[in-house]
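Subject: Structure handover

Hello,

Here is the structure I promised to pass on. Please open it and keep it beside you while you read my notes.

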Amino acid sequence: MSGTRYREIEVTGSPFEMGRQIGEAAREEVRGFADIALERVNKSVSVPVERAMGVARDCIPYVERYAPHMLDEMRGTSESSGVSLDDLMMLQIRNQLQAEADSGCTSFSLTAPAGHGNIVGQNWDNDPGLNPYTIVLTRRPEGKPAILNITQAGIIAYIGLNSEGIGLCLNTLPAPSRPVGVPHYFTVRGIYETATMEDAVQAVRGARRAIPANIILSTPQGPADLEVTLENVHVIRDDGVGLVTHTNHCEHPELAHNNDVFPELIQSGGRKIRIQKLFNEMERPFAIESLKAALSDHEDHPTSICRHPNDHPTTGYWATTFSVIIETDAGRMHVSKNNPCQNPYETYLLN
């Protein structure tokens, strides 16, 4: 396996059987991630283990009501990996433990670039310490769409695409939260079980959510951005231009007041202006190489679109841990391990 390529795992079958296969194939990654997850959270904020595990246990009944089959998958992973269900749930609720979010990302969704069909992509700016536990995982569940994710082992769903033409990237969205509810990654998995934008929105609305989040989508109905709060899912469409961009602040008019209440996350406003400018200057139809260049941009370095470590006391260790460009119609995902300015994009296939 190339040093620039993530390990690939494929699982099939019932929820419990898929979970069991994940626990067997990624046992070391699941165990390692569970061992260090709270430690990495505590790089930003101090959270006692008793509180973290209490939140994890309190969220289980909410998941049971929202999607019991997802909990069955986690039980399978627990059985085969030797990591307790509570510890696996702690991996899902890490971003419920912090007053501020745990990552700052720059993302886009666009339609029909250079004949490649719909595309969604982003830089995932986070803790590089999570890289050893990151895998590319294909799930082929019984009676549901197949899913290709780049994810930390043990997470129920993350960035990627499904076999129905839904592609998905994630951004932190500072807004009010609550301690317990359905963790964010379960609603992400709910989206992957749909085939249309309307059903994707309903999959999120159907959960009693614990935290806000931004979900940018590529769908058969076009690009869209979902600014998700505890009360609602606010949909931002492309207004006919075939492009939506997002960073880490609220853009829907009904949510703009949150930007005055919550601290700006690593120059979100500047990154939004920059990514939009790069697209405005980009030749159309957009080409994959042009998208890679935009995600490698260093304007306002080191808090640029392509983020590098700096001396900020709490978020200086964050960097672009991976960069991803997803061709949803083609079932392809291009991923750069670490900064795309320094590493090539490797291609992973769902079909």
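A residue counts as buried when its relative accessible area is under 20%, and as exposed when that area is over 50%. Keep those two cut-offs in mind. Note too that this is a predicted model.

**Helix α5**

Start with helix α5. Six of its eight residues are buried, so α5 is largely enclosed by the rest of the structure. The buried ones are L85, L88, M89, M90, L91 and Q92.

**The cores**

M90 leads on to the next topic. In soluble globular proteins, nonpolar side chains tend to be buried together. Here, the largest nonpolar core has 80 residues. M90 is one of those with the most contacts inside this core, along with I159, I191, I215, F322 and M333. Helix α3, residues 49-66, gives the most to this core: seven residues. Another core lies apart from it. That one has 16 residues, including L243, M282, A294 and I325.

What does M90 contact, once neighbours within four places in sequence are left aside? The list is A37, L38, A52, M53, A56 and L97.

**Cavities**

Rolling a probe the size of a water molecule over the atoms shows where empty space is left. A search of the whole structure finds four cavities of 30 Å³ or more. Look at the second largest, which holds about 90 Å³ of space. It is lined by 15 residues, and the closest to its centre are E73, T77, R139, G154 and I155. Four elements give two or more residues to this lining: α4 (68-81), α5 (85-92), β4 (134-141) and β5 (147-152). So what kinds of residue make up the lining of the second largest cavity? Eight are nonpolar, five are polar and two are charged.

**T134 and T321**

Strand β4 also holds T134. Is T134 buried or exposed? Its relative accessibility is 5%, so T134 counts as buried. The side chain of T134 makes a polar contact with the side chain of Q152, at 3.1 Å. Not counting residues up to four places away in sequence, T134 touches Y6, I150, T151 and Q152.

Now go to T321, in strand β12. T321 has 1% relative accessibility, so this residue counts as buried. Y6 turns up among the contacts of T321 as well. With neighbours within four places in sequence left aside, the others are W124, N126, D127, P128, N131, S336, K337 and N338.

**Backbone details**

Most residues other than glycine have a negative phi, and most peptide bonds are trans. Here are some exceptions to check.

- R284 and P285 are joined by a cis peptide bond, with omega about 0°. P285 is in the loop between α9 (268-281) and α10 (288-295).
- H301 and P302 are also joined by a cis peptide bond, with omega about 10°. P302 is in the loop between α10 and β12 (319-327).
- D239 is not a glycine, yet its phi is positive, near 55°. D239 sits in the loop between β10 (233-237) and β11 (243-246).
- I266 is not a glycine either, and has a positive phi of about 35°. I266 sits in the loop between α8 (258-261) and α9.

Are D239 and I266 buried or exposed? D239 has a relative accessible area of 72%; that is over 50%, so D239 is exposed. I266 has 11% relative accessibility; that is under 20%, so I266 counts as buried.

**N351**

Last, find N351. This residue lies in the segment after β14 (345-349). At 69% relative accessibility, N351 counts as exposed. What does N351 touch, not counting residues up to four places away in sequence? It touches A330 and G331. A polar atom of the N351 side chain lies 3.3 Å from the backbone oxygen of A330. For a longer span, take N351 and A203. They are 148 residues apart along the chain, and their C-alpha atoms are separated by 24 Å.

Best wishes

Definitions and conventions:
Residues are numbered from 1 along each chain as its sequence is written. This is a predicted model: local features need pLDDT of at least 70, side-chain atom pairs count only at pLDDT 80 or more; totals for chains, interfaces and linings use all residues. Side-chain values use heavy atoms; hydrogens and water are left out. A nonpolar core is a set of buried Ala, Val, Leu, Ile, Met, Phe, Trp, Tyr and Cys residues joined through side-chain atoms within 4.5 Å. Buried means under 20% relative accessible area, exposed over 50%, partly exposed in between (1.4 Å probe, protein chains only). Contact means heavy atoms within 4.5 Å. On a 1 Å grid over the protein atoms alone, a cavity is a set of points where a 1.4 Å probe fits but cannot get out, and a pocket is an open set with protein on both sides within 12 Å along at least five of seven lines; lining residues have an atom within 4 Å of a point. Grid points are joined across faces, edges and corners, and a volume is the space filled by probe spheres set on the points. Ala, Val, Leu, Ile, Met, Phe, Trp, Tyr, Cys and Pro count as nonpolar, Asp, Glu, Lys and Arg as charged, and the others, Gly among them, as polar. A polar contact is a pair of N or O atoms within 3.5 Å; within protein, one must be able to donate a hydrogen and the other to accept it, and residues adjacent in sequence count only if both atoms are side-chain atoms.
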